[in-house]
Amino acid sequence: MSGYIQKIRAGLTERVIESGMEKSKIPVYCQHCKRKQIIHVFVRAGRSPMNNQTVTCIACKKDFDVLVADPIIGGPFPE
Ligand SMILES: [Zn+2]
């Protein structure tokens, strides 16, 4: 992650804990049909390790892995 994003997250830490609903939209590409789609992730305070999560493509309906640090809470959605 870039230092810029880490700075934003640090600034949001208090609000994230209070609301518990801070989320971020991330573009991902299907590994099968290359379709761009958007996933929503829950932004947690602090650092998290990147991990693979599986989503189902909106176009070809196949599962593919995305590498994100935060838990996916919605999507994928059309761009
Ligand atoms: Zn696909």
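Here is a short conversation about the predicted model shown above.

User: Happy to start simple: which order do the elements of the protein chain follow from the N terminus on?

Analyst: Good place to begin! The secondary structure of this predicted chain comes to 1 helix and 5 strands. Read from the N terminus on, the elements run α-β-β-β-β-β.

User: What is the strand order in the open sheet of 3 strands?

Analyst: Let's build it pair by pair. β1 and β2 (residues 36–42) run antiparallel and are joined by 7 bridges. On its other pairing, β2 is linked to β5 by 4 bridges, again antiparallel. That gives an open sheet with the order β1-β2-β5.

User: Why is one side of β1 and of β5 left without a neighbour in the sheet?

Analyst: The sheet is open, with the order β1-β2-β5. β1 (23–29) and β5 (72–78) have a single partner strand each, so one side of each has no neighbour in the sheet. As for geometry, the twist from one strand to the next averages 25°. The reason you asked for is that β1 and β5 stand at the edges.

User: Which residue stands opposite V41 in β5, and which one faces V41 from β1?

Analyst: V41 is in β2, where it stands opposite S24. Elsewhere in β2, I39 is the bridge partner of I26. Towards β5, the residue opposite V41 is I72. So the names, from β1 and β5, are S24 and I72.

User: Which residues make up the largest nonpolar core?

Analyst: For context, 9% of the 79 residues in the protein chain count as buried. One core member, I39, touches I26, V28, V55, V66, I72, G75 and P76, leaving out residues up to four places away in sequence. The largest nonpolar core has 5 residues in all: V28, I39, V41, V43 and V66.

User: Is I73 buried, partly exposed or exposed?

Analyst: I73 is found in strand β5. Leaving aside neighbours within four places in sequence, I73 is in contact with K23, H40, V41 and F42. A residue needs 20 or more other C-beta atoms within 10 Å to be buried and 12 or fewer to be exposed. I73 has 13 C-beta neighbours inside 10 Å, so I73 counts as partly exposed.

User: How many Å separate the C-alpha atoms of I73 and I39?

Analyst: I73 belongs to strand β5, and I39 is the bridge partner of I26 in β2. Along the chain, I73 and I39 are 34 residues apart. Their C-alpha atoms are separated by 7.9 Å.

User: What share of the contacts with a separation of 6 or more comes from residues 24 or more positions apart?

Analyst: Contacts here rest on C-beta atoms within 7 Å. Among the contacts in the protein chain with a separation of 6 or more, the share from residues 24 or more positions apart is 51%.

User: What is the count of buried residues in strand β3?

Analyst: Strand β3 (residues 51–56) pairs with strand β4 (residues 63–68) in the antiparallel sense, over 6 bridges. Within that pairing, V55 stands opposite F64 in β4. β3 is hardly covered, though: among its 6 residues, the count of buried ones is 0.

User: Which residue takes a positive phi in the hairpin of β1 and β2?

Analyst: Most residues other than glycine have a negative phi. This hairpin has 6 residues between the strands. The residue in question lies in the loop between β1 and β2, and has a positive phi of about 65° although it is not a glycine. With 10 other C-beta atoms within 10 Å, it is exposed, and its name is K34.

User: And in the hairpin of β3 and β4, which residue takes a positive phi?

Analyst: There are 6 residues between the strands in this hairpin. The residue sits in the loop between β3 and β4 and, although not a glycine, has a positive phi of about 65°. It has 10 C-beta neighbours inside 10 Å, so it counts as exposed: the residue is K61.

User: One last check: which two residues does a cis peptide bond join?

Analyst: Most peptide bonds are trans. In this model, one bond has an omega of about 5° and is cis. P76, which takes part in it, has its place in strand β5. The two residues joined by the cis bond are G75 and P76.

Terms used: Residues numbered from 1 in each chain as written. Predicted model: local features only at pLDDT ≥ 70, side-chain atom pairs only at ≥ 80, totals over all residues. Core = buried A, V, L, I, M, F, W, Y, C linked by C-beta atoms within 7 Å. Contact = placed C-beta atoms within 7 Å. Helix = DSSP H or I, 4+ residues; strand = E, 2+ residues; numbered from the N terminus. Pairing = 2+ DSSP bridges. Axes fitted to C-alpha atoms, helices over the stretch in contact; angles between N-to-C directions.
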